[in-house]
Amino acid sequence: MTAVKTDERVQRISLFTKALRRPELGALIGALVIFTVFAVVDTTGQFAQLQGAAGWTKFAAPIGIVSIFVALLMIAGEFDLSSGVMVGSAGLLLGNLISEANMGVWPAILTTLVFAAFVGLANGYLVIKTGLPSFIVTLATFFVLKGMNLAVTKLITGTVRVDGVDTGEGFETARSWFATKIEFGGASFQVSVIWWIGFTIFATWLLTRTTFGNWIFASGGDPNAARNAGVPVARTKITLFVLTSVAAALVGCMTLLELRGMQAGQGIGQEFYYIIAAAVGGTLLTGGAGSAIGASIGAIIMGFAAIGIPYALWDQDWVSTFLGVILFLAVLVNTWLSKQAKGARK
Amino acid sequence: MSAKKSADPILELKGVGKSFGNVVALRDVDIAVFPGQVTCVLGDNGAGKSTLIKILSGVHKASEGEFLISGQKTEFNSPRDAMSKGIATVFQDLATVPLMSVWRNFFLGNEPKKWWKPLGILDTKFAKETAKAELLNMGIDLRDTNQAIGTLSGGERQAVAIARAVYFGANVLILDEPTSALGVRQSGIVLKYILAARERGVAVIFITHNPHHAFLVGDHFYLLNRGRMIASFVREKVQLDELIQAMAGGAELDTLTHEISVIRQD
């Protein structure tokens, strides 16, 4: 084997194959197709306009923010089923801290995020120490928090709702950061969209350009090999559980500030949206591969469906069915694409 | 023979034994490992090879005996300890992460960083170029280090793991059955890289149950059987037949031959 001689069995890698190797490609194609379909069946003439974009990004941003971190966690080989209910727990805690404990809004937000970090830490620590599947551990956390959300809220407020947060000190400034609207080209976009874009860029950088990102891939791809190479697998996974939990809590805070109150059942069921977004975006459910941009594209697809279906004057009850079909097709296509990219080896 | 032959062993075991509870896995093992030489440890299943590797790589502590590095008595508390002393182990199937690219695998756990180090920003340009150059040095010519390592053949993956250990300054390279899961051609590739590492002055410990592979590259041969060192040879004074005979347990093989011939006679 010499430097100049190339192996005759290795085919030239075309730009096409290189594109196939991108985990988010399937989602991107899917997003374009779905966008086109909804743009065609649209009856309002707004779907493909900025007004439409403001609509679907409003739906997609809170899902996207969490699903990015759910995707990172899934790449590291773990699930967090408590991420949906955490949105509710965080919002309710923040609401009670402001309206019942008379805390300033900013310190209350900080306290809420610290609480979420501890829940994430507990998730991660229990998964690592017990060796139980994260599916079970976080499912337990999910139900513990779900019960607490209802019980504690009723205990404190006497109802299943937290209210009266807009009198809190610093409410308007906090709102201007987390829940205001931004006028752009005659349409008003949620500020959460900017957070979402920011997190997408940050997570992509983290995943592909840092040591930690390398450890994420390795922890999910083959934890034994990673440990043998000196990667702190336990620390990497626990950190991701914390990040996921904090991201969900941030969305909880945003939701509370926007709605000026929250129901005790908020967020429940959202965990599946996050996992769907990550899976549609090319993240392997077995870990080891995936992308943050992919998860964001997955979230946009959900936004398309949530806005496009009513705009087409179809029955909105079909949104979930639509997402189910998309999930199945996307994972099917992603699996096929990754086989193609690997040259069908194994 | 060897370019950088040295008189002093870099690693030495003297009377090393290991027991787990009342099970004696290894007893009274003496090994000397020299830089720029390939030391083969041969043994059948259950001979104590795995235990020996684990003592050498710092996973287990020896129950008795002495562990010397460059003549100094040493004790390892963890594999990281062993690595910091320049002892690298390439485990059979646990060396690389299949879905990750070649360059990411090459630097896994030892990532090169740029700018402010604590931020942990990968120097991807350096990593890709270095991985390509280092692999080329070992005779592995890859056109694209971005490809997932799972797309390489088993032999090439072992070779990347070996090149990685050599690059990160391993003085002693322990290879755990690197050829056992490979075909003839692939095994040949790995054996070539073992010699390439040897030429760079690395002390290679080649653990195998295949006397043919050992004979092709080895300078010293140690035979383990039932937790004991039953024989040792140097390259100049041993024939392949002797090695196979000793490996199969000598007298045991004679008995087996006899028994089978009785059965076949009907």
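This briefing describes helix packing, the nonpolar core and two loop residues in the structure above. The structure is a predicted model. Two packed helices are described by the angle between their axes and the distance between the axes. Helix H3 of chain A, residues 50-75, serves as the starting point.

**Helix H3 against helix H12 in chain A**

- The axis of H3(A) comes within 8 Å of the axis of H12(A), which spans residues 270-280, and the two cross at roughly 65°.
- The helices H3(A) and H12(A) are therefore roughly perpendicular to each other, and their crossing is right-handed.
- On the H3(A) side, the residues that meet H12(A) include A:Ile63, A:Val66, A:Val70 and A:Met74; on the H12(A) side, A:Tyr273, A:Tyr274 and A:Ile275 are among them.
- By class, this contact of H3(A) with H12(A) holds 10 nonpolar residues, 2 polar residues and no charged ones.

**Helix H3 against helix H8 in chain A**

- H8(A) covers residues 192-209, and its axis comes within 8 Å of that of H3(A), with a crossing of roughly 20°.
- That angle makes H3(A) roughly parallel to H8(A), because angles under 35 degrees count as roughly parallel.
- The crossing of H3(A) with H8(A) is left-handed.
- Residues of H3(A) in this contact include A:Ala61, A:Ile65, A:Ile68 and A:Leu72, while those of H8(A) include A:Trp195, A:Trp196, A:Phe199 and A:Leu207.
- The contact of H3(A) with H8(A) divides into 12 nonpolar, 4 polar and no charged residues.

**Buried regions**

- The largest nonpolar core contains 179 residues, of which A:Leu72, B:Leu173 and B:Ile205 touch the most other members.
- Leaving aside residues up to four places away in sequence, A:Leu72 touches A:Ala203, A:Leu207, A:Ile216, A:Leu240 and A:Ala292.
- A:Leu72 is also one of the H3(A) residues that meet H8(A).
- Helix H9 of chain A, residues 211-221, is mostly covered, with 11 of its 11 residues buried.
- Among the buried residues of H9(A) are A:Phe212, A:Trp215, A:Ile216 and A:Phe217.

**Two loop residues with positive phi**

- Most residues other than glycine have a negative phi.
- A:Asn102, a residue other than glycine, has a positive phi near 55°.
- A:Asn102 lies in the loop between helix H4 (83-99) and helix H5 (105-130) of chain A, and it is exposed, with 11 other C-beta atoms within 10 Å.
- A:Leu313 likewise has a positive phi, near 60°, and is placed in the loop between helix H13 (292-311) and helix H14 (319-341) of chain A.
- A:Leu313 counts as exposed because 11 C-beta neighbours lie inside 10 Å, and the cut-off for an exposed residue is 12 or fewer.

Technical notes
Residues numbered from 1 in each chain as written. Chains lettered and ligands numbered in written order. Predicted model: local features only at pLDDT ≥ 70, side-chain atom pairs only at ≥ 80, totals over all residues. Core = buried A, V, L, I, M, F, W, Y, C linked by C-beta atoms within 7 Å. Buried ≥ 20, exposed ≤ 12 C-beta atoms within 10 Å, placed from the backbone. Contact = placed C-beta atoms within 7 Å. Axes fitted to C-alpha atoms, helices over the stretch in contact; angles between N-to-C directions. Helix = DSSP H or I, 4+ residues; strand = E, 2+ residues; numbered from the N terminus. Parallel < 35°, antiparallel > 145°, perpendicular 65-115°, else oblique. Left-handed = near helix turned anticlockwise from the far one by under 90°. Nonpolar A, V, L, I, M, F, W, Y, C, P; charged D, E, K, R; others polar.
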